[in-house]
Amino acid sequence: MEMAAGLAAVARGFYARGWLLGTSGNLSAVVQREPLRLAMSPSGVDKGELRPEQFLSIDENARIVSAHQGKPSDESLLHLRIVKDRGAGAVLHTHSVWNTILSDQYAAEGGVKITGYEMLKGLQGVRTHEHTEFLPIVENSQDMPALAESVGATLNKHPAAHGFLLRRHGLYSWGKTLAEAKRHIEILEFLLETIGRTSRRSD
Ligand SMILES: [Zn+2]
């Protein structure tokens with residue numbers, strides 16, 4: 001419940017910034033590792049009004065194990081994949097205007113390369129603005145098991161990445177803790193907006 005309260009507070013903050021409009025996006029955090037239990041945002045709920053008691057508890061197969069009528073987010077399988085492959089303690093997913101635009105503009109390059117910005121130092125393990133962060137782009141799909149496979153392959157191919165984009169869809173990032181995952185989203189959204197606003201691309 002404490003974890004759900006933390007997730008709801010993060011959701012309200014991200015909603016206020018315009019990153020979770022129209023019930024979009026989703027948030028999760030590990031409550032227990034063995035067996036795996038994730039606090040997961042429900043599907044179709046306004047993220048600006050999300051209450052802690054609305055968070056579902058799901059198992060490693062995205063089945064609800066709490067006494068909720070709701071439906072877990074369709075993207076629960078992606079959260080579970082990130083938790084398993086990256087050892088994440090929290091996974092956050094935003095649909096901002098800038099991450100949506102750049103996820104399409106840079107699709108042909110396979111990702112967005114970010115270097116030379118002081119804000120990069122907000123990413124775990126990064127000590128200098130000279131760091132190069134490559135944010136891979138995964139083609140979007142409504143077939144969640146297939147998309148989870150694509151995400152798994154991308155995470156494997158880019159072990160240093162702190163997040164990834166789904167094309168014309170949104171950003172995923174994570175952290176060992178909820179605070180770290182929130183920081184990563186804020187840093188990556190800042191950097192994507194900075195690149196978007198200063199890019200000379202007209203397409
Ligand atoms: Zn989404």
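This is a short talk on the sheet, the zinc site and one buried histidine of this model.

The model is predicted; local features need pLDDT of at least 70, side-chain atom pairs count only at pLDDT 80 or more, and totals for chains, interfaces and linings use all residues. Residues are numbered from 1 along each chain as its sequence is written, and side-chain values use heavy atoms, with hydrogens and water left out.

I start with the sheet. Eight strands form an open, mixed sheet in the order S3-S2-S1-S4-S8-S7-S6-S5. Helices (H or I, at least four residues) and strands (E, at least two) are DSSP runs, numbered from the N terminus, and two strands pair if DSSP finds at least two bridges between them. Strand S3 (56–58) and strand S5 (111–115) are at the edges with a single partner strand each, so one side of each has no neighbour in the sheet. On average, neighbouring strands are turned by 20° against each other, direction ignored. Axes here are lines fitted to C-alpha atoms, for helices over the stretch in contact, and angles run from 0 to 180 degrees between N-to-C directions.

Strand S1 (residues 26–32) pairs with strand S4 (residues 90–94) in the antiparallel sense, over four bridges. Within S4, His93 stands opposite Asn26. Helix H1 (residues 2–16) lies across S1, strand S2 (37–40) and S4, at about 165° to S1. Contact means heavy atoms within 4.5 Å.

His93 takes us to the metal. Which residues coordinate the zinc ion? They are Glu75 (OE), His93 (NE2), His95 (NE2) and His169 (NE2), at 2.1 to 2.3 Å. Donors are N, O and S atoms within 2.8 Å of the metal (3.2 Å for Na, K and Ca); water is not among the atoms, so sites may look incomplete. The four donor atoms subtend angles of 90 to 153°, which makes the arrangement irregular. Along the chain, the donor spacing is E-x17-H-x1-H-x73-H. Glu75, in the loop between S3 and helix H2 (76–86), and His169, in the loop between S7 and strand S8 (170–175), are 94 residues apart.

Buried means under 20% relative accessible area, exposed over 50%, partly exposed in between (1.4 Å probe, protein chains only). Glu75 is buried at 9%, and His169 is buried at 11%.

Last, His162, in the loop between helix H4 (144–157) and strand S7 (163–166). His162 is buried, with a relative accessible area of 11%. A polar atom of the His162 side chain lies 2.8 Å from the backbone oxygen of Gln124.

Key:
Polar contact = N/O pair within 3.5 Å; in protein donor to acceptor, adjacent residues only side chain to side chain. Tetrahedral: all angles 85-135°; square planar, octahedral: opposite > 155°, others 65-115°.
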